[in-house]
Amino acid sequence: MAVVKAFGTPSAASPLAAFQFERREPGPRDVHIDILYCGVCHSDLHQARNDWGNSVYPMVPGHEIVGRVIAVGAEVGKLAVGDIAGVGCMVDSCRHCAACQRGLEQYCEQGATLTYNDHERGSARLTQGGYSERIVVEERFVVRVDAGLDLKAVAPLLCAGITTYSPLRHWQVGSGHKVGIIGLGGLGHMGIKFAKAFGAHVVLVTTSARKAEDAKRLGADEVLLSTDAEAMRRHAGSFDFLLNTVPVGHDLNPYAALLKLDATMVLVGAITALEPPLQGYSVIANRRRIAGSAIGGMPETQEMLDFCAKHGIVSDVEVVAIQDINEVYERLLRADVRYRFVIDMQSLKTGSRA
Ligand SMILES: [Zn+2]
Ligand SMILES: [Zn+2]
């Protein structure tokens, strides 16, 4: 066992603070990673504060991890010491069910093992995330990262990136499609970049007029204000695909009305009740579909990182020190971030912000 420094919380009511815990000894198929950067996902905050009622403590959050490989087990083939590696939202799964066999480990029939706020498979040991010095993960759940990319801006690809890449790929969004990205935050800004890179005509759908300029800088061709009833009418029935990144329950009906015949809206942000209720007519008209999508499997996560390396795609990030994480959470609640906070893990190792 190796003791590692981290930032974590002992309970839902406590702020995050310096914390130490033991990582498991690396096994023959494990990759031992020295963490360089860890993104800050909205779900870190929700789970640290037990907003979803399923939290286990003590908890070290963080599932957007980029680091350098410092050791590999004897059976590891795809990574070597010195390589740059990434770890996302899950670190294990059953490996045998239909979903796992298809490389869709996030839909494992027995439940994937989450990177933190979970237990290691067949063990009472808690999994602990990326707000820490090092992590030990089995090779299958580690991806290779091109060292030429801006590594701090790669970290959010491991959750926000794959969450938007996967549905755009699954529904084969591309050239000739008019695609709406609903909401411009950590997810939405990656949705715009990927949809544009796939060749679509990209429209940001937002409640906030002040986001228009930034959306265009990120690659959007148009901005549609969902608060402008006349503009919403003009765009009604015209979208081939909608990626809905809104992180809270909201009214789907006005967005559904934007879909053309047989088109689909995919939810990736909201996990709680969607209110007011969906009107049957909203989907009966135009034979519309409303679907959902969760992150991506390990093969697709690797495909995304390779795509990003080829096309120079990374997140827009603000780098912060681990010592400021509680203030960062408050800013996250105010949506005061463009578009993802990333912790420079050097701050944890040296114990200072500089
Ligand atoms: Zn996340
Ligand atoms: Zn499985």
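Student: Why is Cys159 called buried?

Tutor: Its relative accessible area is 8%. Buried means under 20% (over 50% is exposed, in between is partly exposed; 1.4 Å probe, protein chains only). Cys159 is therefore buried. This is a predicted model, in which local features need pLDDT of at least 70 and side-chain atom pairs count only at 80 or more, while totals for chains, interfaces and linings use all residues. Residues are numbered from 1 along each chain as written, chains are lettered from A and ligands numbered from 1 in written order, and side-chain values use heavy atoms, without hydrogens or water.

Student: What makes Cys159 a donor of the zinc ion (ligand 1)?

Tutor: A donor is an N, O or S atom within 2.8 Å of the metal (3.2 Å for Na, K and Ca); water is not among the atoms, so sites may look incomplete. Cys159 (SG), His63 (NE2) and Cys41 (SG) coordinate this ion at 2.0 to 2.2 Å. In sequence the donor residues are spaced C-x21-H-x95-C. His63 and Cys159 link distant parts of the chain, 96 residues apart: His63 is in the loop between α1 (42-48) and β4 (65-72), Cys159 in the loop between α3 (151-154) and α4 (160-170). Here α and β mark helices and strands, numbered from the N terminus (DSSP runs: H or I of at least four residues, E of at least two).

Student: Is His63 buried or exposed?

Tutor: His63 has 8% relative accessibility, so it counts as buried.

Student: How do you know how many disulfides there are?

Tutor: A disulfide is a pair of cysteine sulfur atoms within 2.5 Å. By this rule the count is zero. Take Cys89: the nearest cysteine sulfur, that of Cys159, lies 3.7 Å away, and Cys89 is in no disulfide. Cys89 is also buried, because its relative accessible area is 10%.

Student: What makes the site of the zinc ion (ligand 2) tetrahedral?

Tutor: Its protein donors are Cys94 (SG), Cys97 (SG), Cys100 (SG) and Cys108 (SG), lying 2.3 to 2.4 Å from the ion. Four donors count as tetrahedral if all angles lie between 85 and 135 degrees. The angles among the four donor atoms are 104 to 120 degrees, which makes the site tetrahedral. The sequence spacing of these donor residues is C-x2-C-x2-C-x7-C.

Student: Why are Cys97 and Cys100 called buried?

Tutor: Cys97 counts as buried because its relative accessibility is 8%. Cys100 is buried because its relative accessible area is 3%.

Conventions. Tetrahedral: all angles 85-135°; square planar, octahedral: opposite > 155°, others 65-115°.
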